[in-house]
Amino acid sequence: MTDAVLRPHAEQAFAAELALLAEHDERPRPPGWKLSPRAVTTYLLGGELPGGAEITPKYIGPRRLMEVAVATLATDRALLLLGVPGTAKTWVAEHLAAAVSGDSTLLVQGTAGTAEEAVRYGWNYARLLAEGPSTAALVESPLVRAMRRGAVARVEELTRMPTDVQDTLITILSEKTLPVPELNTEVQARRGFTVIATANDRDRGVNELSSALRRRFNTVVLPLPETAEAEVEIVARRVGQLGAALELPEAPAGLAEIRRVVTVFRELRSGTSADGRTKLKTPSGTLSTAEAISVVTGGLALAAHFGDGVLRPADVAAGIVGAVVQDPSADAVAWQEYLETVVRERPEWNDFYRACRDLS
Ligand SMILES: Nc1ncnc2c1ncn2[C@@H]1O[C@H](COP(=O)(O)OP(=O)(O)OP(=O)(O)O)[C@@H](O)[C@H]1O
Ligand SMILES: [Mg+2]
């Protein structure tokens with residue numbers, strides 16, 4: 001049934017792994033949880049089960065961070081995943097919800113236009129006018145549904161929501177209840193209910209997270225990959241999965257090409273060449289791991305459909321330049337400088353240099 005779905009939810013895509021983990025899980029599960037905290041961590045970080053079955057890693061990074069995140073969910077505090085763009089905050093939140101509750105779809109997307117109704121409840125106006133306030137006329141938010149079911153609710157981009165809307169969460173998180181004064185009643189959360197929110201470091205200025213709300217969250221900061229090797233592994237793994245999902249014709253994802261994309265991004269992000277010798281201008285874009293994944297996936301599509309099936313420098317060049325040059329003046333200067341002082345000096349990058357030159 002999910003065959004034709006463009007992007008299945010984590011609990012669908014990894015249903016087999018989740019079932020295996022549940023089968024081998026002998027540790028105690030917190031109330032409302034589908035798996036023990038230990039099994040949730042194995043689901044996230046990957047590992048081998050007693051029968052020899054393999055669980056693929058979803059998150060690649062420090063184990064301790066995931067342990068802290070999972071342990072937080074087992075307490076009465078909510079979890080806030082914080083980090084620069086593209087550090088897998090959304091990805092980790094989805095997989096956590098899938099592993100803990102078996103459902104990652106109870107989601108509220110934070111935007112500047114998010115209204116209180118999206119966090120609490122709204123009304124079906126036709127019914128409201130016909131019948132007056134009634135339970136049947138109430139339209140519950142995903143958060144309220146999570147409270148009723150004792151499941152994980154997700155709030156994406158928390159700090160993009162106006163502060164007063166954010167504050168609606170305070171009662172829910174501290175009292176675990178939501179009053180519905182119109183019906184003279186309340187919704188009390190069942191055990192297992194908790195919230196995973198994500199927020200972007202760079203958005204901090206948009207709307208501050210109120211300190212009252214911040215105190216209700218345990219914050220876990222997701223870092224950029226520490227080493228180039230780790231970042232290459234993340235990109236290679238995700239590109240493989242995405243390529244399979246998009247049914248791109250078999251095109252071997254050349255590891256050398258992936259390594260080059262990652263190197264370019266890391267050098268420009270940090271403002272120095274890998275050998276530490278050349279100082280570089282940093283472009284305005286984030287050049288995150290997520291963007292490296294898009295560049296390589298785009299390159300694979302080019303190679304598969306228009307090339308000879310092998311990922312070549314020309315297939316990634318346009319994607320790289322597109323990611324780097326966001327602002328046509330300053331970024332273009334930074335890129336030209338990088339091209340001439342770093343790329344050009346590397347003999348083994350000759351064909352890549354030419355592919356980039358041909359673009360301008
Ligand atoms: N450490 C990592 N381990 C596994 N996958 C990663 C890692 N870092 C990034 N990714 C991949 O990057 C992609 C983008 O991640 P995601 O959308 O979750 O980022 P985000 O932190 O929510 O970004 P934004 O702030 O823009 O919303 C995902 O496909 C994810 O698999
Ligand atoms: Mg996100």
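How far apart in space do the C-alpha centres of domain 1 and domain 2 lie? They lie 34 Å apart. This is a predicted model, in which local features need pLDDT of at least 70, side-chain atom pairs count only at pLDDT 80 or more, and totals for chains, interfaces and linings use all residues. Residues are numbered from 1 along each chain as its sequence is written, chains are lettered from A and ligands numbered from 1 in the order in which they are written, and side-chain values use heavy atoms, with hydrogens and water left out.

## The whole chain

Let's start with the overall view. The C-alpha trace spans about 75 × 50 × 40 Å along its principal axes. The chain has 17 helices and eleven strands; helices (H or I, at least four residues) and strands (E, at least two) are DSSP runs, numbered from the N terminus. Of the 360 residues in the chain, 47% are buried. Here buried means under 20% relative accessible area, exposed means over 50%, and partly exposed is in between, using a 1.4 Å probe and protein chains only.

Contacts also tell us about the fold. A contact means heavy atoms within 4.5 Å. Among contacts between residues at least 6 apart in sequence, 72% join residues at least 24 apart.

## Where the two domains touch

Domain 1 covers residues 2-221, and domain 2 covers residues 228-359. These bounds come from an automatic or database domain assignment. Seven residues from domain 1 and ten residues from domain 2 take part in the contact.

The size of an interface is often given as the accessible area lost when the parts come together. Domain 1 and domain 2 bury about 770 Å² between them, with 63% of it on carbon and sulfur atoms. Buried area is the accessible area (1.4 Å probe) that two parts lose on being put together, summed over both. Which three residues supply 53% of the area that domain 1 buries against domain 2? They are Ile60, Gly86 and Trp91, and they supply more than any other three residues.

On the side of domain 1 that touches domain 2 there are four nonpolar, two polar and one charged residues. In this scheme Ala, Val, Leu, Ile, Met, Phe, Trp, Tyr, Cys and Pro count as nonpolar, Asp, Glu, Lys and Arg as charged, and the others, Gly among them, as polar. The count of salt bridges between the domains is zero; a salt bridge is a side-chain nitrogen of Lys or Arg within 4 Å of a carboxyl oxygen of Asp or Glu.

## Three buried residues

Glu17 sits in helix H2 (residues 15-24). Is Glu17 buried or exposed? Glu17 is buried, because its relative accessible area is 11%. Not counting residues up to four places away in sequence, Glu17 touches Tyr43, Glu54, Ile55, Thr56 and Lys58.

Leu106 belongs to the loop between helix H5 (89-101) and strand E4 (107-109). Leu106 counts as buried because its relative accessibility is 1%. Leaving aside neighbours within four places in sequence, its contacts include Pro142, Arg145 and Ala146. Leu106 and Glu94 are twelve residues apart in sequence and 9.8 Å apart in space, C-alpha to C-alpha.

Trp349 is found in the loop between helix H16 (330-343) and helix H17 (350-357). With a relative accessible area of 9%, Trp349 is buried too. Not counting residues up to four places away in sequence, Trp349 touches Arg260, Thr263, Val264, Tyr338 and Val343. Trp349 and Val187 are 162 residues apart in sequence and 61 Å apart in space, C-alpha to C-alpha.

## Some positive phi angles

Most residues other than glycine have a negative phi, and most peptide bonds are trans. The table lists some residues with a positive phi.

| Residue | Phi | Place |
|---|---|---|
| Ala88 | about 75° | loop between strand E3 (78-83) and H5 |
| Asn184 | near 55° | loop between strand E8 (177-180) and strand E9 (185-188) |
| Lys176 | near 55° | follows H10 |

Ala88 is partly exposed, because its relative accessible area is 24%. Asn184 is exposed, because its value is 73% relative accessible area. In helix H10 (residues 168-175), the residues Thr168, Leu169, Ile170, Ile172 and Leu173 are buried.
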